[in-house]
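The following exercises are to be worked through with the sequence and the structure at hand. Each task is followed by a solution in steps.

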Amino acid sequence: MARGAGPALRLPLALLLLPLPLLALPAGRGNRTGADSLYVSEYFSQSAQKLSFYSWYGNAKLFHFHVPEDTVLLRWLLQASRGKGPECTSMEVTVHFRYGAPPVINPLGTRFPANATVRPSYNISMTLSSAVQNNTFVNITTPAAGDWFIAAHLPEAAGRIEVKGFSTPCTYMFQPDMFVLRLIDMPVLEPGVAMPQTVVSPTKPLHVKVFVPKYTTRMWFELRNCVTSEQKACTVRVVLGSITLPQSFQRILTCTGNVNCSLGLDSPPWEKWLQITVENLGTANTDVSVEMVASFTACKPGSTSSFLNFSSLNQSQTGPRPGNAGAALPAGEASHNTSDQRSFCLQNQPVVREDLDVVSVRYRLLNGPSVPVYSVFPTLLLLGLNTGMDSGGSLVVNLLLNKTSLSLANATVLACVSAASPVLSLNTTQNCSTAFFQGYPLSMNSSSTEAMLIVLYPETNDWFLSLQLICPKGQGECNNAEAKVTVLAYLTPCFNDCGLYGQCSLLRRHGYLYAGCSCKAGWSGWSCTDDTKAQSVSAQNLATLLLTLSNLMFLPAIMVAVYRYCLVEASVYIYTMFFSTFYHACDQPGVAVLCIMDYDTLQYCDFLGSVVSIWVTILCMSRVKKILKYVLFILGTLFIAMSLQLDRRGVWNMMGPCLFALIIMIAAWVYHGVKRRHCYPSSWKRWVFYLLPGITLAFIAISVYAFMETNENYYYTHSIWHGLVASSVAFLLPPRDKHKKPWAWSQKLTCRYQICQNDREELYAVT
């Protein structure tokens, strides 16, 4: 693989940088002429996406490509660009690659869940400094055919909570384009048949392919009769397999001279085309003639009759049926099958795949949850994940050894989980590796009876679980031994549903679905299991109390509003206090949570109450006529409700009503000042002791809300926002009219002498 950066290029110029065989082709796809008639070029592209700073996997932008069969060269053109504004600074874009499944990345260096398999993804960095655009090329020779994934993201997010509309963030874009060079009519190497071929020159390697049948335990490749056109000793290099990222397990064989050379592959991928590349390492313009032979060693599987499995499946689902009494094997035939088991190289256990939901699959064993494990041959279970939509979740395999079934106390049950082909010879020295895949080992014994494996984003393929009984003094010690292992295997979108402090989210990219965990309360990690920066329960309770009880600061404003006959305003403040309290009680993660209704409803009511409170307060300060004030109250509330429904977090949902109300207030104050021929409000005490403190508190509250809130200090700064806004309302509410007396509850509830006397005097005067 190679990479390089260059100046900004348009697509036609980028095409000129492709290898020479592509340039020899006419325009279009699928055309073949001249000496290069065996090759065809293809081009794939996806739309550009806006990059985000990384805080969880949902911030990474995922791209999905499908590499066709018989591809001999793959080139990606990675195009990253940024805006031209002053807010745009130098930035580093990280790009991850993986074959078969989305890349498992960890830019924040957090911990993965226990028993999870983690293989670092192959990644490169693209720097956007003085140049507005950066083009980087990645070349892969003989890539594996199938799904390839690219994930791109910016560095770690700063954690500051930005109000939408207050600042203009820089835009960083990323777009990958894929060019492939595919070989048409690639020669097929038939098993056991010698195929003579000629390698024309070092610049044009020879590509052939061979199909690996099912139940192949070993493949033997041999290169014979290597002769050059100049009758000199030939030197060739044979590469078996394709490149897969982040790890590649290609097997390389170098042959020198006329001596035959060979290579054996244990557990090659079943029912797959294996690509073989032969390169001439000699001088230029020298042809090399070789003969290639591939042979396979087959495996004899042993399993229960498929008809019997189907019959038992029907019985388990619909109950016993007449005529099924003879489904069981006779005792003689059963003993005959038992005696023949020693001739098998593996035992298949029938597994049913049950699709439950999106990226959710359960595997059920037809013969029960427990499987027998022997020492003579491995027990094999097939876990199919080849639909193309299974690689976006987590494959979980749980194994439980039945201690009573293990007759030898020092025996061990080894298990291997691998893709494409199973591990058929398990022992204490092997590490669960197949020909082109590194499997995942598990072990159980009498002292440790449980084993668990979590494969994050398993690649699209057939997965195999192999189990075998191992004795430390040799396999002859436990030839007649048997162990029972309970197998629980399933595919889930998020392991453990992201735990108590996380939320499992389904993400989509052009029809492809994958899952990720969004963590809260300081928890982090792939499944929100990293508690390095986690908040304690007491800290969570404190945060909830701060955010909820700080709304009680509206009580003074409510009392002032009632005392000054602003009953509508007081009702709005009560509404805001109530829904803000219970919205923040429901918005908390972990254990300190209380939701009295749907979260979205609480959030909408909180936002609506906050904006309407500001609206009615400023209109009340304007001292317009009551009929006009109440009409503005209703119309403004209706428009605010509509605006919040369109964009709940937009800054103009709050700034728009504020500015419009301020214009009305200023116009009303100017009108009152001109009419009275002096400044309005006229009292200097009103300005010094009420208006200026209220305006100051409001500006401080807006500054805290817009510029100081972060994810870490949100509980404190937002509580301060509640207190400052509520306090400013108490200062800004205008005094009551002079002709209105204060609330006299005793006089309102009963008819006192003074009220009755006034009524009688008025009645006497009328008569």
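**Exercise 1. Two prolines and their peptide bonds**

In which loop is the place of Pro-246? Describe also the peptide bond that precedes this residue, and treat Pro-681 in the same manner.

Solution. Please note at the outset that the model is predicted.

Step 1. Pro-246 is placed in the loop between β16 (235-240) and β17 (251-256).

Step 2. Leu-245 and Pro-246 are joined by a cis peptide bond, with omega at about 10°.

Step 3. Pro-681 lies in the loop between α10 and α11 (684-708). The bond from Tyr-680 to Pro-681 is cis, and its omega is near -10°.

**Exercise 2. Positive phi in residues that are not glycine**

State the phi of Asp-185 and of Tyr-215, and locate each residue. Is Asp-185 buried or exposed?

Solution.

Step 1. Asp-185 is not a glycine, yet its phi is positive, at about 55°. This residue is found in the loop between β12 (172-183) and β13 (195-199).

Step 2. The relative accessibility of Asp-185 is 60%. Exposed means over 50%, so Asp-185 counts as exposed.

Step 3. Tyr-215, which is not a glycine either, has a positive phi of about 65°. Tyr-215 lies in the loop between β14 (206-212) and β15.

**Exercise 3. A residue in a strand**

Determine whether Thr-228 is buried or exposed, and list the residues that it touches, leaving out those up to four places away in sequence.

Solution.

Step 1. Thr-228 belongs to strand β15, which covers residues 216-228.

Step 2. Its relative accessible area is 8%. Buried means under 20%, and therefore Thr-228 is buried.

Step 3. With residues up to four places away in sequence not counted, Thr-228 touches Ala-233, Cys-234, Thr-286, Asp-287 and Val-288.

**Exercise 4. Transmembrane regions in the record**

Where does UniProt place the feature "transmembrane region"? Examine the secondary structure of residues 627-646 and of residues 652-671.

Solution.

Step 1. An unreviewed UniProt entry places this feature at residues 542-563, 627-646, 652-671, 687-708 and 714-733.

Step 2. Residues 627-646 are 100% helix and 0% strand, and the end C-alpha atoms of this span lie 29 Å apart.

Step 3. Residues 652-671 are likewise 100% helix and 0% strand, with 28 Å between the end C-alpha atoms.

Step 4. For another annotation, consider residues 517-528, which the unreviewed UniProt entry labels "domain: EGF-like". This span is 0% helix and 25% strand, and its end C-alpha atoms lie 7 Å apart.

**Exercise 5. Two residues in helices**

For Ile-664 and Tyr-715, name the helix, decide whether each is buried or exposed, and identify contacts beyond four places in sequence.

Solution.

Step 1. Ile-664 lies in helix α10 (residues 652-676). With a relative accessible area of 17%, Ile-664 is buried.

Step 2. Ile-664 touches Leu-619, Ser-622 and Leu-632 when residues up to four places away are not counted. Ile-618 is 46 residues from Ile-664 along the chain, and their C-alpha atoms are separated by 8.6 Å.

Step 3. Tyr-715 is placed in helix α12. Its relative accessible area is 10%, so Tyr-715 is buried.

Step 4. Leaving aside neighbours within four places in sequence, Tyr-715 is in contact with Gln-535, Ala-543, Leu-546, Leu-547 and Gln-588. Tyr-715 and Ala-543 are 172 residues apart along the chain, while their C-alpha atoms are separated by 5.4 Å.

**Exercise 6. The packing of two helices**

At what angle do helices α7 and α12 pack, and which residues make the contact?

Solution.

Step 1. Helix α7 (residues 567-586) and helix α12 (residues 714-732) pack at an angle of about 175°, and their axes are 13 Å apart.

Step 2. Angles over 145 degrees count as roughly antiparallel; therefore α7 and α12 are roughly antiparallel to each other.

Step 3. On the side of α7, the contact is made by Tyr-573, Ser-580 and His-584; on the side of α12, by Tyr-714, His-718, His-722 and Val-729.

Step 4. The residues of this contact divide into three nonpolar, four polar and no charged.

**Exercise 7. The chain as a whole**

How many helices and strands does the protein chain contain, and what percentage of its residues is buried?

Solution.

Step 1. The chain has 14 helices and 34 strands.

Step 2. Of its 767 residues, 47% are buried.

Step 3. The chain exposes about 37,800 Å², of which carbon and sulfur atoms supply 59%.

Conventions. Residues are numbered from 1 along each chain as its sequence is written. This is a predicted model: local features need pLDDT of at least 70, side-chain atom pairs count only at pLDDT 80 or more; totals for chains, interfaces and linings use all residues. Side-chain values use heavy atoms; hydrogens and water are left out. UniProt positions are given in the numbering used here, feature names are shortened, and annotations may be inferred rather than shown by experiment. Helices (H or I, at least four residues) and strands (E, at least two) are DSSP runs, numbered from the N terminus. Axes are lines fitted to C-alpha atoms, for helices over the stretch in contact, and angles run from 0 to 180 degrees between N-to-C directions. Angles under 35 degrees count as roughly parallel, over 145 as roughly antiparallel, 65 to 115 as roughly perpendicular and the rest as oblique. Contact means heavy atoms within 4.5 Å. Ala, Val, Leu, Ile, Met, Phe, Trp, Tyr, Cys and Pro count as nonpolar, Asp, Glu, Lys and Arg as charged, and the others, Gly among them, as polar. Buried means under 20% relative accessible area, exposed over 50%, partly exposed in between (1.4 Å probe, protein chains only). Accessible areas come from the Shrake-Rupley method with a 1.4 Å probe; for residues, only the protein chains shown count as cover.
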